Amino acid sequence: MADPRPARPRVIVTRDLPHAVLDRLTALFDAELNPTDAPMDRATLAAAMADCDVLVPAVTDTIDADLIAAAGPRLKLIANYGAGVNHIDLKAARARRIIVTNTPGVLTEDTADMTMALILSVPRRLAEGEKLVRSGAWSGWSPGGMLGHRIGGKALAIVGMGRIGQAVARRARAFGLSIHYHNRHRLPKVVEAELQAQWHPNLDEMLALADIVTLHTPRNADSENLIDARRIALMKDSAFLINTSRGGILDEDALVDALEGGRLAGAGLDVWKHEPAIDPRLLALPGVVMLPHMGSATYEGRLAMGERVVANIQAWSDGHRPPDQVLEGWL
């Protein structure tokens, strides 16, 4: 029987990717691009899914069960440009026999670098200091000016010890932090020894001892609002909370309440529950360092993501299982 996969599949790309990636896509496939980089609205996304063999979406595209159910019969592959796939209904895709792929691993070091930057900048008040200089109100050095907290000797609690969590642990050790982690499964002892990391099977107990908490777990039904008002209340008033993972893991209302009430010392956030919308109460808090979801924003990382997308499409087109196929229960 002839292979139903087209030799030159029609590929629709929802966002404007790096030029080198787009050049490869157009050279290898019948690719339709989005040079405006404007996120597709639901109707445009539905039309694209009705008219392609492969969709290349990004985190800004919510591909729910209704969109998948209405997709054209030729759509057989959703090659996501990114590692996270919580914006794609995997169960619905599986029911339609649509393969979903992602780009794991290529953003580990970039995201870990950004996490470490926030771990440094929030306790040392770097954002506040930079704003003070720009405002022209800085009157010079003084013994009590812009005092922050050293991080050496503090306890870092890592929630989720996958690739990124481990990369953060390696960086944090060099700054003298003690490493604690909570994970569904304990790491092999040889890895714990390398990282000098202590496993905590009980998340609540780990949060209570932490000076800095950093989140590195996927967003799914189990992790939605994982760090809520109850868990924030377990943390020290002097603790700092860092999130470069996914916005929905952290209850932002509870975070604002704790910061406004002095029950947390500060936070560093690169992801948001309703991004690009940000709670104006967070904007008014001086002890919060806020970034525009740029943890993975490096030229090298974006190109590597594109290379994985191309490889997944090419493997599928050639009749092979894509190397980064996501299984429904992967989270």
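**View 1. The span of residues 116-295 in the predicted model.** In this predicted model, residues 116-295 are 36% helix and 16% strand, and the C-alpha atoms at the two ends of the span lie 10 Å apart. An unreviewed UniProt entry places a feature at residues 116-295, under the name "domain: D-isomer specific 2-hydroxyacid dehydrogenase NAD-binding".

**View 2. The surroundings of D228.** D228 is found in the loop that runs between strand 9 (212-215) and helix 10 (229-234). With a relative accessible area of 24%, D228 counts as partly exposed, because the term buried is kept for values under 20% and exposed for values over 50%. The side chain of D228 reaches the backbone nitrogen of R231 at 3.0 Å. When neighbours within four places in sequence are left aside, D228 is in contact with D251 and A254. S121, by comparison, is 107 residues from D228 in sequence, and the C-alpha atoms of these two residues are 24 Å apart in space.

**View 3. An open sheet of five strands.** The strands of this open sheet follow the order 2-1-3-4-5, and their pairing is parallel. Strand 2 (30-32) and strand 5 (99-101) stand at the edges, where each has a single partner strand, so one side of each is left without a neighbour in the sheet. On average, and with direction ignored, neighbouring strands of this sheet are turned by 20° against each other.

**View 4. The pairing of strand 3 with strand 4.** Strands of a sheet pair through backbone hydrogen bonds, in either a parallel or an antiparallel way. Strand 3 (residues 54-56) and strand 4 (residues 77-79) pair in the parallel sense, over two bridges. L55 has I78, in strand 4, as its bridge partner.

Terms used: Residues are numbered from 1 along each chain as its sequence is written. This is a predicted model: local features need pLDDT of at least 70, side-chain atom pairs count only at pLDDT 80 or more; totals for chains, interfaces and linings use all residues. Side-chain values use heavy atoms; hydrogens and water are left out. UniProt positions are given in the numbering used here, feature names are shortened, and annotations may be inferred rather than shown by experiment. Helices (H or I, at least four residues) and strands (E, at least two) are DSSP runs, numbered from the N terminus. Buried means under 20% relative accessible area, exposed over 50%, partly exposed in between (1.4 Å probe, protein chains only). Contact means heavy atoms within 4.5 Å. A polar contact is a pair of N or O atoms within 3.5 Å; within protein, one must be able to donate a hydrogen and the other to accept it, and residues adjacent in sequence count only if both atoms are side-chain atoms. Two strands pair if DSSP finds at least two bridges between them. Axes are lines fitted to C-alpha atoms, for helices over the stretch in contact, and angles run from 0 to 180 degrees between N-to-C directions.
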